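User: Could you take me through one part of this structure slowly? I would like a close look at its aromatic rings.

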Amino acid sequence: MFFSVVIPTYNRKLILEKCLVALENQQLTDTKVSSYEVVLVDDGSTDGTLGWLADRADKFPRVRCFSQVRQGAAAARNLGVEQAKGDIIIFIDSDLIVTEQFLQAHADALVKGEKQLGSDRLFTYGWVINTCNFDNPTAEPYKLTDFSAAYFATGNVAIARKWLEQAGLFDTRFQLYGWEDLELGVRLKKLGLKLIKCPAAVGYHWHPPFSLDQIPKLIEKEIHRGRMGVLFYQKHPTWEVRMMIQMTWLHRLLWGLLSCGGRFNEHSMAPLLQWLIDRGKSQLALEIARIFLNWHNVRGVYAAYEEIQQSS
């Protein structure tokens, strides 16, 4: 196998260094992986990422860097696949720090999965552990909130290049936040690909500790996710997709009740959230904030859907 690790990035210079250092330090224990490269696609960063990388080219000899005017993660990943030399593509995000056994774990799981299935119609999905520990991200334990039931998510996945090309790569109409990877997953499932879980391939997804000043951007992301969810549903108008994007009466009822019809919102809950943050419980504060964030998402989904209905 020749691995190409494809990473889109946008204004993540600080954590990107940890991401790339971890990939340079991979320990390959057998000959399953002949070699690997890192294909980094800068999606119009404004924080000096490209210049910073150019100054450190000797530190990251496996990195091949490309750039584009800001078009979103879907277009960036497509460019990465097009420029990749490998027959196996691994997608991670630029704020993910992997262990030294990351590539070897994916290689072992791909080989084992093919033997078990008697087919190469498969891909492997590793663990993603969320952490806000910048100094030592790999010290974070696996938590219940880290579980994901997604079929195909690009935070930590390895797949043969040929299946991506056969499915048609990512839909570049997904330019806002969310759903471009799961939409591709629907097409991969139609090709008969099986998900092989690979918990030994661990990536630590870093994000800064939750604070109240993040809330406006988090709300904006949920609204964007709602709009992209409707695009997802337009392409695949099934009940399964409606459940995924939260466009059902059940989700409307659930988050409407939990948020008390929107009365528990970013304003009314701010004192409680700040109280928790002040006591070192920023993760708990974020989980509570998801009540009104999901309410914004559901409202965003229905607003985008009604817009489309009115214009058609």
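Analyst: Happy to! We begin with a definition: rings of Phe, Tyr and Trp (for Trp, its six-membered ring) count as a pair if their centres lie within 6.5 Å, and a pair with planes over 60 degrees apart is called edge-to-face. Please keep in mind that this is a predicted model.

By this rule, the count comes to eight aromatic pairs. Let us look at one of them, Phe123 with Tyr151. Their ring centres are 5.1 Å apart and their planes stand at 85°, so this pair is edge-to-face. The pair links distant parts of the chain, since Phe123 and Tyr151 are 28 residues apart. Phe123 belongs to strand β6 (residues 122-131), while Tyr151 is in the loop between β6 and β7 (156-160).

Are these two residues buried or exposed? The cut-off you need is that buried means under 20% relative accessible area. Phe123 has a relative accessibility of 0%, so it counts as buried. Tyr151, with a relative accessible area of 16%, is buried too.

Now for another partner of Phe123. The rings of Phe123 and Phe152 have centres 5.2 Å apart and planes at 85°, so this pair is edge-to-face as well. Here, too, distant parts of the chain are linked: Phe123 is in strand β6 and Phe152 in the loop between β6 and β7, 29 residues apart. Phe152 has a relative accessible area of 1%, so this residue is buried.

Put the pieces together and you have one aromatic cluster, formed by Phe123, Tyr151 and Phe152. In the 3D view, you can start at Phe123, whose ring pairs with that of Tyr151 and with that of Phe152.

There is one further detail at Tyr151. The charged end of Lys189 sits over the Tyr151 ring, 4.6 Å from its centre. So that you can follow the reasoning, a charge sits over a ring if NZ of Lys is within 6 Å of the ring centre and within 35 degrees of the ring normal. Tyr151 therefore takes part in an edge-to-face pair with Phe123 and also has a lysine's charged end over its ring.

You can find this kind of arrangement at another tyrosine: the charged end of Lys221 sits over the ring of Tyr177, 4.4 Å from the ring centre.

How values were computed
Residues numbered from 1 in each chain as written. Predicted model: local features only at pLDDT ≥ 70, side-chain atom pairs only at ≥ 80, totals over all residues. Heavy atoms only, no water. Phe/Tyr/Trp six-rings, centres within 6.5 Å; stacked < 30°, edge-to-face > 60°. Helix = DSSP H or I, 4+ residues; strand = E, 2+ residues; numbered from the N terminus. Buried < 20%, exposed > 50% of the residue type's maximum accessible area, 1.4 Å probe, protein only.
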